[in-house]
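Here are a few exercises to work through with the model open. Try each task yourself before you read its solution.

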Amino acid sequence: MTAPLLEHEPEKVEVDAATRRRRKRAAAIAEAASAGWKVWLVKIVLLGVIDALVIYAMLALIAQGNWLVPVVIGAVTLLVNVIYLKPGLLPAKYLTPGLIFLVVFQIFVVVYSGYIAFTNYGSGHNSTKDDAVSALLLQSQTRVDDSPTYPIRVLERDGSFYLLTTDPDTGAFEVGGDDKPLEAVDGATADGAPGFTTLDFGAIVQNQDAIGALSVPLTDDPNDGFLKTTDGSNAYLFTSTLHWDPDADTMTDTKTGVVYHDDGRGAFTADDGTQLLPGWQVWVGFDNFVRAFTDSSIRGPFFSVLIWTFVFAILSVATTFVLGLFLAIVFNDPRMKSKKFYRVIMILPYAFPGFLSALVWAGMYNQDFGFINQVLFGGASIPWLQDPLLAKFAILLTNLWLGYPYMFLVCTGAIQSIPEDIQEAGRVDGASVWQIFRHIKFPLLLVSVAPLLISSFAFNFNNFNLIYMLTGGGPRMADASINVGQTDILISMVYKVAFVGADRDYGLASAFSIIIFVLVALISYLSFRQTKTLEELN
Amino acid sequence: MRVNKKGAVAIAALIAGSMLGLAGCSGQAASEPKKTTSGTLTVWVDADRARALKDVAAEFQKDKGIKVDLVVKDYGKIQQDFTAQVPTGKGPDLTIGGHDWTGGFVQDGVIAPVELGDKASQFEKVALQAVTYDGKTYGLPYAIENIAILRNTKLADSTPATFDEMIAAGEKAGTKYPFLVGQDPQGSDPYHLYPFQTSFGNSVFAQNADGSYDASKLTIGDAAGEKFATWLGSQGDKGTKVINLNLSQDLAKEAFLAGEAPYFLSGPWNVADAQAKGIDVAVDPIPSAGGETAAPFAGVQTFFLSAKSKNALAATDFLVNYIATEDVQTALYKAGGRPPALTTAYQAAQSDPIIAGFGKVGENAVPMPSIPQMGSVWDDWGKTEAAIIKGSDPVSSWQKMTSNIEAKLK
């Protein structure tokens, strides 16, 4: 497959000593690679190592009670073995590693976000129903006011655990277990009781799940409360205000008698609409998408953010492209002196980490202490980042500074690859400089640069770093129910919905990301189709 | 064709490498639960706390045979990571955190109550109030923090009792700023401005008899609150410009360290840096702007117990019988510079004039409300204060904020 390439190149490139050496070395390696048994040995050893590791990983995962992941890993490894051991299948041999990485790092993430977008995952709906039930029961246990501390020993008999304590009133030693109220036992001491084994701390720790769950009723009347130990040496008297009925699927408040039903929306809800939180994660269908487009306090900010995202991405590409192209043409002029020096300077902004530059710019824009107001405007008080319009302008200006070196590089390369003779032909025919640019250089340039403009658009569409570091999305929108600002783009809004503040809504944030994904995919598809026609024209 | 086989070998090597990596990960994951059942307590701490807890962790292991694994985390990430990881069963048994996270944690069902037993009475009242939520104690407090006036003793010899006198004294000092308080152009800083708000007799929620907040009664919008808003406007862009939104926390700190102001409203976290710069810092009460006592919020640093901990008994034992001791609380105080929460350790720390200064201001402090809705309260509150400082009408902005918050609390 690569052979034709090797054949073509030597004819064009002048053969010097270094090239010859390199070619010789490549030939030697190729020779060695085809040496048969050596390759097979390496292949088998490497595949063996992989298989061994995979089997180990599968066993470890199965030991944890995980079944799906080991099955998937095993199937993939089997496939990898087949691909590399079977002769032929050349495309697969090349593509498999890339495909595996694509699935792990891209497809899985996209699919998972898609899944989250259809759930109510977020604050208060954080885990499974079982977790929610046990958390609610845990939270509903209240220590009885002014009740004494019961010093205890943990006892064991026939695999069940018991608490031994001293009655604070009578001083009698009493033993009780699950559903077995405390009662005095003959012959019991502070350290143990006949027929029971006393556990030491190590044994308690080994069985702490069971012991922690142990609740010993004080008397036959459940309303008197129950003893629970939280550290293995003391017990306290608790009462619970919630009762869980797994059969009816209801929580009952034992104090008020209010019954909370599972409402199918991931929380126990009373008839009057009060919810018990924590709830749990459930599938909510298109709710998050519906909310994004219909809830007026979300829809308003969402559409204004959407419009600004497009404006930002389009203007960012346009301004950086125009400036980059202009500079590329200027620095490509043969009359320009010290071109190399200027080119290095030009590329500097591109060499700094973008988030760092954004932070520095944020400092420079400070209304009272920033470089721009203090030095460039002689102490003026221009609210660069606090006025909605100025903040947008400031972002575009910063992005121009950050982005033009890239366009400059790309355009310089593209211009230099335009054959000189076409331009000369134009000159001979009497075309002006502008005509040569407009009708010869620019269309040829666009053929190679247009795909890069599209990817630059997609990049800026999701240019989180810049927005987050420069303005943090501000100034804030006063009337939005979600925390968004005038300069937020979609991706920074998604971040805020998901991770900032006390009310996190991963479901809604994922729904927004899906919308972003669809938009970027659609625009890229349309523009690439457009570029193709451009290519055919030439 | 000849070259392709070489390519295949390279690819195989690549896969081997990646599989090694993957297997490495799963290997770790597999050994984790084993560790927990054989007795390991995993505790999330930040770097300072990790150093302070090393000894007590070793002691606990010696006494009880249970290893305490101190995992150093970035403090800023703990709240989010804890909420996300506890439900998966991979979270820690214990974590440090601010008491104001309690409400959110309870709503997400990720923390369990910690029964302090008789130890409860040995803590400072404000610390115990802070970790109490819905009548139960969630977590064990270890440090209390609040803001106060940091005074550069070279530039001013005392802090007057009222705000106007302080500004006058600050201007007499002839420095660039009379007084510094860190702000944010987008969201002001209600936490740092709260002492002035309380000095007008306003509070965000009504207070219970014991001084804690009753989150069901919003009082921020009363007449005293409007008076504070008017005062805030008079100190903003259209007035004296003493409170400047563009002076961020970093800039304010830098100015104080450079000796550009005698007074700086800040917390214990900035004292060490100022002293390192050679500034002789005194800690004074916050002057009153509205006539009543200026009471800041108290923040209480807490150990939380995971609701899904498989080591709940051992973890509680570690907290109640090891962390809640004077030695450990003192060690934590020395590592963080924040007054300890255990009363005996707290009193011992008072010999340090800086701690005593913060402690004196803290006597009036009330724990920050920890209800989950507090997030949106902060949001509206800061946004409105920023607008007022910028010059919008104080009273009407304040009223609008109150109705917004009311709507969100329902």
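**Exercise 1.** In what sense do strand 8 and strand 12 of chain B pair, and over how many bridges?

*Solution.* Keep in mind that this is a predicted model. Start by finding residues 148–152, which form strand 8 of chain B, and residues 263–266, which form strand 12 of chain B. Then check the directions: the pairing is antiparallel, and it runs over four bridges. For one pair of facing residues, take B:Ile149, which sits opposite B:Leu265 in strand 12 of chain B.

**Exercise 2.** Work out the strand order of the open sheet in chain B, and say why one side of strand 9 and of strand 13 is left without a neighbour.

*Solution.* Go across the sheet strand by strand: the four strands come in the order 9-12-8-13, and the pairing is mixed. Now look at the ends. Strand 9 (179–181) and strand 13 (281–284) of chain B are the edges, and each has a single partner strand, so one side of each has no neighbour in the sheet. As for the twist, neighbouring strands here are turned by 25° against each other on average, direction ignored.

**Exercise 3.** Which strands of chain B does helix 14 lie across?

*Solution.* Pick out residues 353–362, which are helix 14 of chain B. This helix lies across strand 8 and strand 13 of chain B, and runs at about 20° to strand 13.

**Exercise 4.** Now zoom out and describe chain B as a whole.

*Solution.* First count the elements: chain B has 16 helices and 15 strands. Next, burial: 55% of its 410 residues are buried. Finally, the C-alpha trace of chain B spans about 80 × 65 × 50 Å along its principal axes.

How values were computed: Residues numbered from 1 in each chain as written. Chains lettered and ligands numbered in written order. Predicted model: local features only at pLDDT ≥ 70, side-chain atom pairs only at ≥ 80, totals over all residues. Helix = DSSP H or I, 4+ residues; strand = E, 2+ residues; numbered from the N terminus. Buried ≥ 20, exposed ≤ 12 C-beta atoms within 10 Å, placed from the backbone. Pairing = 2+ DSSP bridges. Axes fitted to C-alpha atoms, helices over the stretch in contact; angles between N-to-C directions. Contact = placed C-beta atoms within 7 Å.
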